[in-house]
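Biologist: I should be grateful for a close look at one part of this model, namely the packing of two neighbouring helices in one chain. Please set that part in its wider context as well.

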Amino acid sequence: MKQTTPHADLMRGIWRENPVLIQLLGLCPALAVTTSVENALAMGIATFFVLLGSSVLVSSLKRFIPAEVRISTYILIIATFVTVADLSLEALVPAIHKELGAFISLIVVNCMILGRQEAFASKRPVGRAALDAVGTGIGFLIAMVMMGGFREILGNGTFLGFSLFGPNFEPWVVMILPPGGFLMLGFLLLGLAWFERRKARAAKPEADAATPERSAA
Amino acid sequence: MNQNVFWILLSAMIINNFTLMMFLGLCPFMGVSSRVGTALRMGLANIFVLTITAICAWALHNSVLQYAPYLRLISFIVVIASMVQITEMAIKKLSPTLFRQLGIFLPLITTNCAIFGLALFQTNKGYGFTQALAYALGAAAGFALALVLMAGVREKLDLADVPDIFKGTAAALVVAGILSMGFMGFAGLGR
């Protein structure tokens, strides 16, 4: 495995390898609980906590975990942290816990978390694993808030409960219903692809001028 | 009672379709829905594992978890992981042909959140044995249905003239959104 700087470990997950928008991991919570910014934030923070906790623990125990049962061990460690997150949310913010329902427990099977343990935390020192977890967690949080923000603004005309457009706004109800989740993520990916292409084109204008028919397409 | 079981099955299958309405099991839904044949096989494997898991989760819920509810997540995930492992070994022994056909999809079922979700929802709703079985069968059939429908659309989509920038996951997600809208039409069907 090639060496990376601590800074790169932290920044990688935030944007360039964003777990939801680029790697398409952890889609279930990103679609299911992003009907409002508040829910998206709570889910993002809970996932962040579980990811950080299990990355640190897996990284510090990596000498003692036998290779044959490593996946089961990771899942058990993750399940322990999810139980902690589940019970604390229930005690601290019962209203949000009720709204998120079983999806807090479903963090256990979020493939993003298991993926980070297998690909990173099980091979690196504790500090690096923590940095990587923080970066990936922030990336997940950003994606969740983007999804939740767009869906709440379009579907309800509000942001964090504050009305944005006044009483004459007709909400796009479909956006907070299940189909809206799929559509919003689809269009978000489309927007990202468009943005990336524009950036690539701005970086290489001479290549574009050589093939004008492709840029027109 | 019969009516009740039938409604649970129907509701889990189309009205509250696990994949399109509750966003469970999206990873295989996006991953293996490019060909109808593989989609169908994945769906069948899921029916098998979901049914066994539902029975185990019911048994666990009514024995150990009455005394130690905080062990719920941990015990469920252990049961699911071992069930998948046992299924894999059994199929390998009994029918090597089927085992080769399923290939990588079998172990992947462990991280399919539909299965974990099923175990959780079923205990949350307090279903009895027959009800739990009907719920599992319905959910699995609904998952297989969504997977095959999606694969059918995506096979056609490969031949269509989609703008370059929209190809791949973005288009697949919008297709899933439209399918999901179709399934919303069933919402008026039940209670």
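Modeller: The account below begins with the chain, turns to the helix pair, and then moves outward to the core and the interface.

This is a predicted model, in which local features need pLDDT of at least 70 and side-chain atom pairs count only at pLDDT 80 or more, while totals for chains, interfaces and linings use all residues. Residues are numbered from 1 along each chain as its sequence is written, and chains are lettered from A and ligands numbered from 1 in the order in which they are written.

Chain A has 10 helices and two strands; helices (H or I, at least four residues) and strands (E, at least two) are DSSP runs numbered from the N terminus. Along the sequence, the pattern of chain A is α-α-α-α-α-α-α-β-β-α-α-α.

The pair in question is H6(A) and helix H7 (residues 126–156) of chain A, whose axes come within 11 Å and cross at roughly 150°. Axes here are lines fitted to C-alpha atoms, for helices over the stretch in contact, with angles running from 0 to 180 degrees between N-to-C directions. H6(A) and H7(A) are therefore roughly antiparallel to each other, a term for angles over 145 degrees.

H6(A) contributes Met112(A), Arg116(A), Phe120(A) and Ala121(A) to the contact, and H7(A) contributes Ala129(A), Asp132(A), Ala133(A), Thr136(A) and Phe140(A). Two residues are in contact if their C-beta atoms, placed from the backbone, lie within 7 Å. The residues of this contact comprise six nonpolar, one polar and two charged. In this division, Ala, Val, Leu, Ile, Met, Phe, Trp, Tyr, Cys and Pro are nonpolar, Asp, Glu, Lys and Arg are charged, and the others, Gly among them, are polar.

Of the 217 residues of chain A, 40% count as buried, that is, with 20 or more other C-beta atoms within 10 Å of their own, C-beta atoms being placed from the backbone. The largest nonpolar core, a set of buried Ala, Val, Leu, Ile, Met, Phe, Trp, Tyr and Cys residues joined through C-beta atoms within 7 Å, has 113 residues. Ile78(A) is among those with the most contacts inside this core. Beyond its neighbours within four places in sequence, Ile78(A) is in contact with Val50(A), Ser54(A), Val108(A), Ile113(A) and Leu114(A).

At the interface, 33 residues of chain A are in contact with 32 residues of chain B. H6 (111–121) is one of the elements giving two or more residues to that side of chain A, although H8(A) gives the most, with 12 residues.

Technical notes:
A residue is buried if 20 or more other C-beta atoms lie within 10 Å of its own, exposed if 12 or fewer, and partly exposed in between; C-beta atoms are placed from the backbone. Angles under 35 degrees count as roughly parallel, over 145 as roughly antiparallel, 65 to 115 as roughly perpendicular and the rest as oblique.
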